[in-house]
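I'm opening a fresh page for a protein I haven't looked at before. Here are my notes, in the order I looked things up.

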Amino acid sequence: MTSAEHFISLITVASAKKLATALVLCFILYHGLMHIIYGSDSCKWLLTEGRYKGDKEWQPYGCMMHYYTQTDSRRCLRYLAFMGHHNHFVFIGDVRIRQLYKSFISQFIVDGKASDLTELPENSDLNFNDAQLRLNVQFLWRPQLDNIMIEDLRSWMKTDAPSLIISGCGAMTILANNNSDTQLYSEYSMGLVRLVQPVDFLAKKNTKYLWMLQDPVIKERLPAQLSGIDNRQINLCNKAAIKILSHSEVHIWESSKLVGAGVLEQSPDGYLASPLSLRHKIQILLNTYCNDHMNFDDGSCCSYPEPATILQLLSLSILALCIIIGGGMWLYRKFCYYRTEISYLRVDMENTEEANNSETIQIEQPEVQDFYTLMTSLALLSIILSYFYLCDRTNFFMKENKYYSEFSFWLPLGYILALGLFFTEDRERGPRTLNREQTDEWKGLMQAVVLIYHVTGAKNVLPIYMYLRLINSAYLFLSGYGHFCYFWQTGDVSLIRFARVMFRLNFLTVSLCLCMNRPYQFYHFVPLVSFWFLVIYFLAWLPPRIYSGSLNEYGPRALLYLALKLLGLVSMITILYMSEVFFEKVFVTRPWKALFVTTDDDIREWWSRWRVDRYSVTWGVTFGAGLVALQRIDHIPGTALSSLLALISLTAYTTFTILCHSVSECEEIHSYVAFIPIIGYIALRNASLALRGKHSALLTGLGRISLETLVAQGHIWLAADSHGVLVLLPRFPVLNLLVTSFIFICASHEIHRLTQVLAPYAVPNDWRLVARNLLLFIAVLVPIGIHDGMF
């Protein structure tokens, strides 16, 4: 074996998981050291560093910035006013600060009065009030760091101080000392030194003071009165501000300079800020002031993580106990392994009686092994869930906003498709329509699109959004098809079958609900697919039970009974859809109400998702029944005409997504036509024996863990409940995405494996043990439900 072959042989799933574990430990150490050395104040990150993304949106370093609309801004101040706060803002400085003041108050002006801002007097103090918001915004014209500015600050030492002060100036000082850099630095520094004492005093009165560094200029475009300013002098003033104010209570707004420099070419005169620059600066100010009070999911800057609930603390304690017990058993086993091996060897070499004792020991071993497997598996799962909590319920790791562009969406999708084709394999058991490998491959392809859709934030692109709705419909279609095929072939509608499927679907989700303090409906796809499995199970259980073994009993009537069941299902779905009031009465009934409402006790999210895909599972069952009928007469369509029709159906759906004008219109039509492109894809994928007999091993592997990746993505790949992106490696967004994706896939694969290992313990083969475990689970849920008001 060559060295290259030996290296390739080492690349296994187990080695990949070990590498992922090592990477996580390294990143925990790295971020821990960063917090110790530089602190973990995301407000400081917001005001210090950041970068422009490709769409010219500002991304602060290490945290997520919420975009405040006028409604959001007024809601924030209204809430603070209700809580007794007086929203007092003061802007002190020159024309640049005046620009900032005008942009700030435009966030709160209603009734079309924004045009009044153009009529404000120049070079004078200004004031804006809104009694409803208890808002007072002042602008003080102070173009130089002189006694007047210092006296303004000292005056607030004796009266009620503002909530937030934003100041900055430099142009007048530069022009007054244009001939000497030394004199400029000395005079500017002296003014900054005098600033420190009153600001430090105001900080004790909970006033936040921001000193805005000076933006660079475009000297060639400066007006005549400012032509003496250049960037060398501006950098000198900024250097003095950083040196002197860094050791005071002043918050140096360094990111303001970076925001201005990034779009400097858009400046109207080479000196004033561009509209885009002002918009970003106002958003930074609002995020600084409001985030910790409003708790927007996509605003982690200046926001502290939500405190752990009693249920979370209890869940984390159980996880810690599992880790201790499982880890202790693993260490004890490793410690005793070689000694035990030698003991068994000696016993084997003794007489027959001792050999019998050895046999007795080996018979008892499986029980110990089973308990060992149970506890070590629970310990591994607990470690992974702890990583979930660390990533998404603390500010230990950084988070950033999503970024969408055509390039960022289609390029990774193209890479995955190319890799999928590269890892194409033949099916061992021969070609068969919609075989297991093919459905897993389909799920893997869809999951790749879903992941790219979420990480890029492509929700606002209507055609892509509608294709995601089609993917959800296809998942449910496959769910209906798969469950029908199983019930048809086995006729198994036992409690054991029901419990196994529900455990497989909900094990990770329920664990995360307890650890992450999120409602069941947060993991929206799992409630949807679980509900429809319950419907299919009830349909299969309802007499007469139609499956392959009952054909001799019922004969041709079997198809009639099946058709009547499906017709009844469609009728019930239609009734629920036609009456939203009836729908709410059904699903808001206690105690199962908690399964269908969000944190705000709102059922609209469930209604929206149920409504869009209300017929998808029925189509899957109907397709499965039709395919079974065709297989019985040995006729599976595979002609060139079916391939042509499949292409037409996919093209027609794509055209529909482009031409429809609104989400509501698209979703309403989608509910009735989604089966057309789904069946079209199936027909195209099975157009020939060669296509049926091949599959992509890469996409098939991703499809087998699609449930885990779908549930886990919002916590350990994305961040802030899927509203942002997890950052383990700051400043390198592409490399960070590759690293977090690798860890995410490894963790999902391990959760999938652990679910399979733990399933026999939770759902044994004896229905009485299953009933016992189910009652124990309900007994655990009852006190939780009582605490949350389910009963």
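Which residues line the largest cavity? Before I answer, a reminder to myself that this is a predicted model. I find Phe-484, Phe-487, Trp-488, Ile-536, Leu-539, Ala-540, Ile-546, Leu-562, Lys-565 and Val-621 around the largest cavity. Sorted by class, that lining comes out as nine nonpolar residues, one charged residue and no polar ones. I also checked which helices take part: helix 16 (462-490), helix 18 (525-541) and helix 20 (557-578) each give at least two residues to the lining. The volume of the largest cavity is about 130 Å³. My search of the whole structure turned up seven cavities of 30 Å³ or more.

Next entry, domains. I have the protein split into domain 1 (47-294), domain 2 (308-340 + 367-396) and domain 3 (406-492 + 531-733). I wanted to know how domain 2 and domain 3 meet. Their centres, taken over C-alpha atoms, are 35 Å apart. Five residues on the domain 2 side touch nine on the domain 3 side. Between these two domains about 590 Å² is buried, and carbon and sulfur atoms give 60% of that. Within domain 2, I note that Phe-388, Cys-391 and Asp-392 lose the most area to domain 3, together 73% of what that side buries.

Then I looked for charge pairs. How many salt bridges cross the interface of domain 2 and domain 3? I get one. I also wrote down a salt bridge between the side chains of Arg-393 and Asp-721, at 2.8 Å from N to O.

Over the whole structure I count 28 salt bridges. One that caught my eye pairs Glu-750 with Lys-17, whose closest N and O atoms are 2.6 Å apart. Glu-750 sits in helix 30 (residues 733-762) and Lys-17 in helix 2 (residues 13-38), so this pair ties together parts 733 residues apart in sequence.

Last entry, the backbone. Where are the cis peptide bonds I noted? One runs from Pro-543 to Pro-544, with omega near -5°. I place Pro-544 in the loop between helix 18 and helix 19 (551-554). Another joins Arg-590 and Pro-591, with omega about 10°. Pro-591 belongs to the loop between helix 21 (580-587) and helix 22 (604-612).

I also flagged Cys-302, which is not a glycine yet has a positive phi of about 55°. I found Cys-302 in the loop between helix 11 (275-294) and helix 12 (310-349).

Notes: Residues are numbered from 1 along each chain as its sequence is written. This is a predicted model: local features need pLDDT of at least 70, side-chain atom pairs count only at pLDDT 80 or more; totals for chains, interfaces and linings use all residues. Side-chain values use heavy atoms; hydrogens and water are left out. On a 1 Å grid over the protein atoms alone, a cavity is a set of points where a 1.4 Å probe fits but cannot get out, and a pocket is an open set with protein on both sides within 12 Å along at least five of seven lines; lining residues have an atom within 4 Å of a point. Grid points are joined across faces, edges and corners, and a volume is the space filled by probe spheres set on the points. Helices (H or I, at least four residues) and strands (E, at least two) are DSSP runs, numbered from the N terminus. Ala, Val, Leu, Ile, Met, Phe, Trp, Tyr, Cys and Pro count as nonpolar, Asp, Glu, Lys and Arg as charged, and the others, Gly among them, as polar. Domain bounds come from an automatic or database domain assignment. Contact means heavy atoms within 4.5 Å. Buried area is the accessible area (1.4 Å probe) that two parts lose on being put together, summed over both. A salt bridge is a side-chain nitrogen of Lys or Arg within 4 Å of a carboxyl oxygen of Asp or Glu.
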